[in-house]
Amino acid sequence: MNNAIGLLELRSIAEGIKTADVMVKAGDVELLFCGTACPGKFLVLVGGQVGAVRSAINGGHQVAEEWLVDEMLIPNVHRSVFSAISATSNVSNVKAIGIIETYSVASCILAADKAAKSGNVDLIEVRLAKGMGGKSFMLLSGEIGAVKAAVAAGVEVIKDNGVLVSQVVISGPDQAVINHLI
C-alpha cells in the first residue's frame, strides 16, 4: 500500500521521460503520473513506501540536474490524494465544495493532503496543470464548516510560497455544477 508520494517537475519533456525511467528503476514505486503539463513541462509523480519514494526522487535528481523546476515528497500522505489525482474519487451527497487553485502542481498536492487531513471532507479531484497554463486546482466536498476548515488548512501550508491563485467555498452548489465536477 502506498503511503508516500513524490514529484519531480522538469522544464524538458525529453529529460522528463529519461528521469521517469530512472525514478521507476531506482525504487519500488508506482508511476502515478508521467506526462506533459502546461506550459511545456514534464511531471513525474510516484507513490510507494517512504524509502522507495525517497530513492526514486534521489535517482531522479541525479539525471534531472538543471532541468528540475520543482519537487515534493510527502511521507504519510492522506490515502484520498491518490484517487483524487487519478480522478477516481467516489463522492456523493455534496453539501459544499471547496476549491484551492495554485500556480504549481507540488503546491496543489501539498494543499490537498493538508486539507484532507484537516477533517471530515472528501477529496474529489486534484487537477495537474494540463491545459490550464501551468495552474493546478483541487476540489473537495463535505459539510460547510468542514469544507471551510479544510480549505483554510490547505491554504495555510502554501500561502507563504506565492503560489496561491484563489480559494473558494461554495455552500449548497447547484446539482448541475456537481454533475460536471463529479
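**Why these labels fit: Ala150 and three salt bridges**

Modeller: Setting aside neighbours within four places in sequence, Ala150 makes contact (heavy atoms within 4.5 Å) with Ala115, Ser118, Val121 and Leu140. The model is predicted, so local features need pLDDT of at least 70 and side-chain atom pairs pLDDT 80 or more, while totals for chains, interfaces and linings use all residues. Residues are numbered from 1 along each chain as its sequence is written, and side-chain values use heavy atoms, without hydrogens or water.

Colleague: Why is Ala150 called buried?

Modeller: Its relative accessible area is 0%, and buried means under 20% (exposed is over 50%, partly exposed in between; 1.4 Å probe, protein chains only). So Ala150 earns the label.

Colleague: Which other residues of H5 are buried?

Modeller: Besides Ala150, they are Val147, Val151, Ala153, Gly154, Val155 and Ile158. The buried residues of H5 pack against strand S5 (96-102), H4, strand S6 (121-127), strand S7 (136-142) and strand S8 (164-171).

Colleague: How do you know that the span of H5 agrees with its 15 residues?

Modeller: H5 covers residues 144-158 (helices are DSSP runs of H or I, at least four residues; strands are E, at least two; both numbered from the N terminus). The expected span is 1.5 Å times one less than the number of residues. That gives 21 Å for H5, and its end C-alpha atoms are 22 Å apart, which agrees.

Colleague: What makes Glu9 and Lys41 a salt bridge?

Modeller: The label needs a side-chain nitrogen of Lys or Arg within 4 Å of a carboxyl oxygen of Asp or Glu. Here the N to O distance is 3.2 Å, so the pair qualifies. Glu9 lies in strand S1 and Lys41 in strand S3, so the pair ties together parts 32 residues apart in sequence. Glu9 counts as buried, at 5% relative accessibility.

Colleague: How many salt bridges does the structure hold?

Modeller: Seven. One of them joins the side chains of Lys25 and Asp21 at 2.8 Å, N to O. These two are four residues apart in helix H1 (residues 13-26), about one helical turn. Lys25 is exposed at 63%, whereas Asp21 is partly exposed at 38%.

Colleague: And what separates Lys117 and Asp113 in helix H4?

Modeller: About one helical turn, since they are four residues apart. The closest N and O atoms of this salt bridge are 3.0 Å apart. Lys117 is partly exposed, with 43% relative accessible area, but Asp113 counts as buried at 6%.
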